[in-house]
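Reader: I am new to this structure. Please take a close look at one part of it and then follow the chain outwards from there.

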Amino acid sequence: MSLRYQINIRIFLASIAILILGGSVSIWQARNAVSKEVDSSLNLALQLVQLSFSQAQQGNLDIDDWLPRFVSLKQTRHLNIQLKKPDGEIAKFTAGQKHNADAEAPPEWFFDLVSRQYPEAIQQLITADGQQITLIIQADPLDEIAEVWEESCLFFISLLVMTLITFLAVNMAFNKAFKAIAVIVDALKAIELGQYQQKLPDFSIKEYDRIAKAINHMTHVLDAAHKENRALTLHSLEIQEEERQRLSQELHDELGQSLTAIKVMAVTTKSNKAEVERIADAITGICDHLITVVRSMMRNLHPLSLTELGLKASLEDLFNQWTIRNPELKLHLNCSDDVDSLEQKITIQVFRIVQECITNIVRHAQAEQAVIRLEIISQAASEKQLRLQVTDNGRGCEPEKIKMGFGLLGMRERIKSLGGEFHLQAQPQQGTNIIATIPLI
C-alpha cells in the first residue's frame, strides 16, 4: 500500500470523525439552546400572567384588551396560548412570530433529537365583567428548532468546506513532497549504479534540502574513495607486473646462467684431461650462490620466519636488516609475546604495514629515531584489539599537507580490510605518528 493511499485513508477517517464529533456537539448545543429558549419564554409568560392576575384582583383588568397585547409580545414567542371561556369555547392564540411556511422545516429526526417534553401552564383569570376563564399556555418550539436547524446546516456546511480545504491542502503538500522523494530515489538509483557525479538540486522544503546536501556529500566522498581505490588497484597491478618482471630477470640472470655454467662444467668432466676437483669446487660455489639467491627471493615473496618463528621474531629480523643498511637510524621495537598468537591473515598485514612504515621513514622522514609499539589491549571481558603505533622524530609536515600516497593508501586499505581504523598525525619538525587499531574476534 502506497504512502499516498495510507495518508488519504487516514485523512478521510479523521474527517469523518471530526464530522461525527462536530455533529454530536452541534445537536447537543441545539438541544440545550431550544430548551433554554422555550423555558425562558414560558417562565416569562407565567410571570406576566401572575402580574396581570394581581391587577385583575383589583378589578381593573380587561381580558379582551389584555390578551391580544400579551400574545403579541416578542418575549412570549415559542408559546401556544389557549383561552377557555366559561361556556367551554376555546380560543387559540399563537404567541410571538409565526413560523414561516416557506422556510424549510427541520427533518423529523432532528426535531426528535433537539426537542423534549415541555410542561403546560394553566391559569384561572377573572374578566372585568366577572367571568372566570382558563388560560392554557403550551410550549411551541417549532420556530426555535427551525432556526437551530438552519444554524446547524450552516455549521455542517462550514465544517465540510473546511475539511475539503484541509484535504486539498494536505494533498498538495504531499504531492510536492512526493515529487522531491521521487527525485531523491532516482538519484540514489544512479548512485547505486556507480554514477557518483549525480548531484541532487536544492529543494524549497528545508528537510529535503538537508537530505539532498547529505546525499551530495556522501556521493562526493564515495567518488573520491572510488577514484582512490581505482588508482590503488592500478598501482597494485603495476607493482605486481614489476615484481613478475624482476623475478623473471633474476631467474634469467641468476638461475639461468648458473645452471648453464653447471651444465658446461658437467660436460667438461667427461674429458680425460678435466680438472675434476677444481670443477667440483666451482659447482659447489655456484650452488651456494643459487641457495642465497633463492632464499632472498623467497624472503621478498613471503617472510618464512613469519610462519616458522612468529610475528615478533619476524619484526626483529626486519629491524636488524634495516639497521644494517641504515645504521644512522635507531629503531626500537616494543612488542609483547602475545602477538605470536594472532591469526596468519593479521600477522602478514601487520608485518607489511610495519615494513611500509620503516620504508617511508627512511625515504621521507629524515628521522634519527623511530619507535614501533605493538600490543594487544583488552577493552572488555571478551573484546580485544591489536594496537600498532609507529612514531618517529623526523621533519613531519602540516596536517593539511599530508598527501595520501600509494604507501599510505595501501596501509589504510590493509587496516580497513581487517575492520580496523587508521589514523595519521603529523606536525612540522615534530615527526609523524601512525596509530592503527584492529579488532580481535
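**The sheet and the helices around it**

Author: Strand β5 (residues 330-335) and strand β6 (residues 369-378) pair in the parallel sense, over six bridges. Two strands count as paired if DSSP finds at least two bridges between them. Strands (E, at least two residues) and helices (H or I, at least four) are DSSP runs, numbered from the N terminus. The model is predicted, so local features need pLDDT of at least 70 and side-chain atom pairs count only at pLDDT 80 or more, while totals for chains, interfaces and linings use all residues. Residues are numbered from 1 along each chain as its sequence is written, and side-chain values use heavy atoms, with hydrogens and water left out.

Within the β5-β6 pairing, L331 has A370 of β6 as its bridge partner, and N334 stands opposite R373 in β6. To get from β5 to β6 the chain passes through helix α9 (residues 344-365), and this β-α-β crossover is left-handed. A right-handed crossover is one where, with the strands pointing away from the viewer, the path from the first strand over the helix to the second runs clockwise.

β6 also pairs with strand β7 (residues 384-392), in the antiparallel sense and over nine bridges. Here R373 has Q389 of β7 as its bridge partner. R373 therefore takes part on two sides: opposite N334 and bridged to Q389.

These strands belong to an open sheet of five, in the order β5-β6-β7-β9-β8, with mixed pairing. β5 and β8 (421-426) are the edge strands, each pairing on one side only. On average, neighbouring strands are turned by 10 degrees against each other, direction ignored. Angles otherwise run from 0 to 180 degrees between N-to-C directions, and axes are lines fitted to C-alpha atoms, for helices over the stretch in contact.

Two helices pack on this sheet. Helix α8 (residues 311-325) touches β5 and β6, and its direction makes about 175 degrees with that of β5. α9 touches β5, β6, β7 and β9 (432-440), at about 15 degrees to the direction of β7. Contact means heavy atoms within 4.5 Å.

Away from the sheet, α4 (142-192) and α5 (residues 206-268) pack at an angle of about 5 degrees, with axes 11 Å apart. That makes α4 roughly parallel to α5 (an angle under 35 degrees). α4 contributes A177, A180, I181, I184, L188 and I191 to the contact, and α5 contributes Y208, I211, I215, M218, T219 and L222. By class, eleven of these residues are nonpolar, one is polar and none is charged. Ala, Val, Leu, Ile, Met, Phe, Trp, Tyr, Cys and Pro count as nonpolar, Asp, Glu, Lys and Arg as charged, and the others, Gly among them, as polar.

α5 also packs against helix α10 (residues 406-417), at about 105 degrees with the axes 10 Å apart. That makes the two roughly perpendicular (65 to 115 degrees). E228, N229, A231, L232 and H235 of α5 meet F406, L409, G410, R412 and E413 of α10. This contact divides into four nonpolar, three polar and three charged residues.

Methods
Angles under 35 degrees count as roughly parallel, over 145 as roughly antiparallel, 65 to 115 as roughly perpendicular and the rest as oblique.
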